[in-house]
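User: I am new to this structure and would like to go through it by question and answer. Please show it before we start.

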Amino acid sequence: MKILVAEDEPDMAGFIARGLVDEQYSVDIAATGPEALSYAASRPYDLVILDRKLPGKDGLAVCRELRARSVRVPILILTALGNAADVISGLNSGADDYLVKPFDFAVLLARMRALMRRPRDLRPDILEVADLSLNTIDHTVTRAGRPIRLTAKEYALLELLMVYKGQILGRAQISEHAWDEALDPLSNIVDVYMNRLRKKIDGGFAQRLIHTRRSEGYMISSDSTGPVSSTLL
Ligand code: CA
């Protein structure tokens, strides 16, 4: 699970990041509004913790812009402002929840977990590409109605591809999302896992769904003749 923490105060950002890493989350930190916007719009996160007062662009504006760009990641706004009008304007900007500083870290974790359990509202329970179907609730995968058994890592990779179907995901994006430890950039572990996944998903089927662009990364799509010309390994 990958979390973006947008917080300009280094002590607060460090406190949150350390706590999340202790809970096995991977964490990126953005220290300004524009940085938060560009990270959250271009990388796949499971949740964004967004400080309301950020330099460059405030948290509510970041939130509104993300929603305007159809970025549907759960967003939890953190703020020192805590009156009812502030809470309402925060939620009206497209945030999913609101936590007032100072806060108890255990409460932050509980709110985060509740939001991440709730992605049913934001993402469909069943993700589909052609005859491939992935159930995000019970983590089962079928192709043409036949169950496919995947390891936890293979499932995580497939879910990531399917959430972003039709978009090429770079190896760095994939490894950041699916591996908590930093991978050696020269490691081919992403390719190794993707090849295993491809065998399970596409093996025995005439229509291939997992596409590779050697220099850029991977994509899942039912359309291999579309604007993105894909090279199959
Ligand atoms: Ca701040």
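The turns below deal with domains, the metal site, salt bridges and cores.

User: Which residue ranges does the domain assignment give for the protein chain?

Analyst: This is a predicted model. The assignment gives two ranges for the protein chain, and the C-alpha centres of domain 1 and domain 2 lie 28 Å apart. The ranges are 2-117 for domain 1 and 126-220 for domain 2.

User: How many residues does the contact take from domain 1 and from domain 2?

Analyst: Domain 1 and domain 2 bury about 640 Å² between them, with 40% of that area on carbon and sulfur atoms. The rule finds 0 salt bridges across the interface of domain 1 and domain 2. The contact takes 10 residues from domain 1 and 7 residues from domain 2.

User: Which three residues supply 66% of the area that domain 1 buries against domain 2?

Analyst: The area in question is the part that domain 1 buries against domain 2. No other three residues supply more of it. The three are Lys2, Ser26 and Pro44.

User: Which residues coordinate the calcium ion?

Analyst: The donor residues of the calcium ion have the sequence spacing D-E-x41-D-x1-K. The coordination is at 2.1 to 3.1 Å, with OD atoms from the Asp residues, OE from the Glu and O from the Lys. The residues are Asp8, Glu9, Asp51 and Lys53.

User: Glu9 and Asp51 link distant parts of the chain; how many residues apart are they?

Analyst: Glu9 is in the loop between strand 1 (2-6) and helix 1 (10-22), while Asp51 is in strand 3 (residues 47-51). Glu9 is partly exposed at a relative accessible area of 41%, whereas Asp51 is buried at 3%. The separation of Glu9 and Asp51 is 42 residues.

User: Is Lys101 buried or exposed?

Analyst: Lys101 forms a salt bridge with Glu7, where the closest N and O atoms are 3.0 Å apart. Glu7 is in the loop between strand 1 and helix 1, and Lys101 is in the loop between strand 5 (97-100) and helix 5 (105-117), so the pair ties together parts 94 residues apart in sequence. Glu7 is buried, with a relative accessible area of 2%. The relative accessible area of Lys101 is 15%, and the cut-off is under 20%, so Lys101 counts as buried.

User: Which residues are linked with Glu7 in a network of salt bridges?

Analyst: The side chains of Glu9 and Lys101 also meet in a salt bridge, at 4.0 Å from N to O. That pair is 92 residues apart in the chain. The network links Glu7 with Glu9, Asp51 and Lys101.

User: Which residues is Thr79 in contact with, leaving aside its neighbours within four places in sequence?

Analyst: Thr79 lies in strand 4 (residues 75-79). At 1% relative accessibility, Thr79 is buried. Its contacts are Asp51, Arg52, Tyr98, Leu99, Val100 and Lys101.

User: What N to O distance is found where the side chains of Arg43 and Asp28 meet in a salt bridge?

Analyst: The structure holds 15 salt bridges. For this pair, Arg43 is in the loop between helix 2 (33-42) and strand 3, Asp28 is in strand 2 (residues 26-30), and the two are 15 residues apart. Arg43 is partly exposed at 27% relative accessible area, whereas Asp28 is buried at 12%. The N to O distance between Arg43 and Asp28 is 3.1 Å.

User: Which element gives the most residues to the largest nonpolar core?

Analyst: The largest nonpolar core has 25 residues, and those with the most contacts inside it are Leu132, Leu158 and Ile220. Elements giving two or more residues to this core include strand 7 (132-135), helix 6 (152-163) and strand 11 (217-220). With 6 residues, the element that gives the most is helix 6.

User: How many residues are in the second, separate core?

Analyst: Leu132 of the largest core touches, among others, Leu127, Leu158, Met162 and Ile220. The second core is separate and includes Tyr39, Val73, Ile75 and Tyr98. The number of residues in this second core is 21.

Conventions:
Residues are numbered from 1 along each chain as its sequence is written. This is a predicted model: local features need pLDDT of at least 70, side-chain atom pairs count only at pLDDT 80 or more; totals for chains, interfaces and linings use all residues. Side-chain values use heavy atoms; hydrogens and water are left out. A nonpolar core is a set of buried Ala, Val, Leu, Ile, Met, Phe, Trp, Tyr and Cys residues joined through side-chain atoms within 4.5 Å. Buried means under 20% relative accessible area, exposed over 50%, partly exposed in between (1.4 Å probe, protein chains only). Helices (H or I, at least four residues) and strands (E, at least two) are DSSP runs, numbered from the N terminus. Contact means heavy atoms within 4.5 Å. Donors are N, O and S atoms within 2.8 Å of the metal (3.2 Å for Na, K and Ca); water is not among the atoms, so sites may look incomplete. Domain bounds come from an automatic or database domain assignment. Buried area is the accessible area (1.4 Å probe) that two parts lose on being put together, summed over both.
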